[in-house]
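Grab a pencil and your favourite viewer. Here are some short exercises on a single chain, each with a worked solution.

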Amino acid sequence: MNNLGSRMHAVVATVSVDNVEEARSLLPIAREALVSRAPGILCGYWLEPIDSVGMSVLDFESREYAETAASYPVPPMPGVKLLTLQIREVFAHV
């Protein structure tokens with residue numbers, strides 16, 4: 001963690017996915033490479049779509065880092081549309 005007791009926060013997003021295999025193949029270049037360089041990133045997960053709705057959870061050292069990441073303009077992915085984006089405090093982790 002970073003300074004003075006800051007708490008981890010996650011950027012939680014849901015997306016509609018038209019073609020799961022295409023989206024999966026684009027993740028390493030379109031998202032993983034970008035997110036891995038984000039300041040304060042701790043870890044990130046892109047979850048399997050269910051009924052064409054995918055989810056990602058990106059954990060950051062602080063709310064400030066999460067807010068900065070959430071406001072960063074990311075290039076669109078073909079067939080993937082953002083549905084929701086929230087920043088949530090991480091209450092616990094293992």
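**Exercise 1. Find Ser52 and Asp51, and work out what their backbone and exposure look like.**

Step 1: Ser52 sits in the loop between β2 and β3, and Asp51 belongs to the loop between β2 and β3 as well. Strands here are DSSP runs of E with at least two residues, helices are runs of H or I with at least four, and numbering starts at the N terminus.

Step 2: check phi. Ser52 isn't a glycine, yet its phi is positive at about 70°; Asp51, also no glycine, has a positive phi of about 50°.

Step 3: look at exposure (buried is under 20% relative accessible area, exposed over 50%, partly exposed in between, with a 1.4 Å probe and protein chains only). Asp51 has 72%, so it counts as exposed, while Ser52 has 42% and is therefore partly exposed.

A quick note on ground rules: this is a predicted model, where local features need pLDDT of at least 70, side-chain atom pairs count only at pLDDT 80 or more, and totals for chains, interfaces and linings use all residues. Residues are numbered from 1 along each chain as its sequence is written, and side-chain values use heavy atoms, leaving out hydrogens and water.

**Exercise 2. Lay out the fold and check the chain's radius of gyration.**

Step 1: there are two helices and four strands, in the order β-α-β-β-α-β from the N terminus.

Step 2: the rule for a globule is 2.2 Å times the number of residues to the power 0.38, with the radius taken over C-alpha atoms. For 94 residues that puts a compact globule near 12 Å, and the chain's 13 Å agrees.

Step 3: the C-alpha trace spans about 45 × 25 × 20 Å along its principal axes, and 27% of the 94 residues are buried.

**Exercise 3. Describe the largest pocket and its lining.**

Step 1: a pocket is an open set of points on a 1 Å grid over the protein atoms alone, where a 1.4 Å probe fits, with protein on both sides within 12 Å along at least five of seven lines; lining residues have an atom within 4 Å of a point. The volume, meaning the space filled by probe spheres set on points joined across faces, edges and corners, is about 930 Å³.

Step 2: 36 residues line the largest pocket, with Val15, Arg31, Trp46, Ser56 and Val74 nearest its centre.

Step 3: α1 gives the largest share of this lining, seven residues.
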